[in-house]
Amino acid sequence: MLNKEKKKEIVEEFKTRKGDTGCSAVQIALFTERINKLAEHFKKFKKDNNSRRGLLKLIGQRKRMLDYVKRKSIPKYQEIIGKLGLRK
């Protein structure tokens, strides 16, 4: 789980206008942060298969959101993956 401060910090970094909490970039950044937290969790708890299913769902959601952004605006897509360091 993300704490309020971390979530607010991510929203501030990726928002496109004031009060913007639901745009694609913000959602992708929040998905990425949750995925990273779960990846750390699996280093300690290798057999936690229920959480692994949740991780796979998050990865799928992020992938679909990235595909949507790529269809709508390639420069925005490149900016997002550059900031988050998702692809090489």
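Is E79 buried, exposed or partly exposed? At 39% relative accessibility, E79 counts as partly exposed. Keep that residue in view; the tour returns to its surroundings below. The model on screen is a predicted one.

**Stop 1: helix α4**

Select residues 74–84, which make up helix α4. E79 and K83 both sit in this helix, 4 residues apart, or about one turn. Show their side chains: K83 and E79 meet in a salt bridge, with 3.7 Å from N to O. This pair counts as a salt bridge because the cut-off is 4 Å. K83 has a relative accessible area of 43%, so it is partly exposed.

**Stop 2: α4 against α2**

Next, add helix α2, residues 24–44. Two packed helices are described by the angle between their axes and the distance between the axes. For α2 and α4 the angle is about 30°, and the axes are 11 Å apart. Angles under 35 degrees count as roughly parallel, and α2 and α4 are therefore roughly parallel to each other. The crossing of α2 past α4 is right-handed.

To see the contact, select A25, I28, A29 and T32 on the α2 side, then K76, I80 and L84 on the α4 side. By class, the residues of this contact are 5 nonpolar, 1 polar and 1 charged.

**Stop 3: α2 against α3**

Keep α2 and bring in helix α3, residues 49–72. Here the axes come within 9 Å and cross at roughly 155°. Angles over 145 degrees count as roughly antiparallel, and that makes α2 roughly antiparallel to α3. The crossing of α2 past α3 is left-handed.

On α2, select S24, Q27, I28, F31, T32, R34, I35, L38, H41 and F42; these meet S51, R52, L55, L58, I59, Q61, R62, M65, L66, Y68 and V69 in α3. The contact of α2 with α3 has 12 nonpolar, 6 polar and 3 charged residues. I28 and T32 are worth colouring separately: they are among the α2 residues that meet α4, and they are also among those that meet α3.

**Stop 4: a charged pair in α3**

Stay on α3 and select K63 and D67. Which atoms of K63 and D67 are closest in their salt bridge? They are N and O atoms, 3.5 Å apart. Both residues lie in α3, 4 residues apart, about one turn of the helix. K63 counts as partly exposed because its relative accessibility is 48%. D67 is partly exposed too, with a relative accessible area of 34%.

**Stop 5: E12 and K15**

Now select E12 and K15. Side chains of opposite charge can pair when their charged atoms come close. The side chains of E12 and K15 meet in a salt bridge, at 3.1 Å from N to O. E12 has a relative accessible area of 47% and is partly exposed. K15, at 30%, counts as partly exposed as well.

How many salt bridges does the count come to? The count is 5. Among them are the pairs K83 with E79, K63 with D67, and E12 with K15.

**Stop 6: K4 in helix α1**

Finish on helix α1, residues 4–14, where K4 lies. K4 counts as exposed, because its relative accessibility is 73% and the cut-off for exposed is over 50%. Draw a distance from the C-alpha atom of K4 to that of L56: the two are separated by 24 Å, and the residues are 52 apart along the chain.

Key: Residues numbered from 1 in each chain as written. Predicted model: local features only at pLDDT ≥ 70, side-chain atom pairs only at ≥ 80, totals over all residues. Heavy atoms only, no water. Buried < 20%, exposed > 50% of the residue type's maximum accessible area, 1.4 Å probe, protein only. Helix = DSSP H or I, 4+ residues; strand = E, 2+ residues; numbered from the N terminus. Axes fitted to C-alpha atoms, helices over the stretch in contact; angles between N-to-C directions. Parallel < 35°, antiparallel > 145°, perpendicular 65-115°, else oblique. Left-handed = near helix turned anticlockwise from the far one by under 90°. Contact = heavy atoms within 4.5 Å. Nonpolar A, V, L, I, M, F, W, Y, C, P; charged D, E, K, R; others polar.
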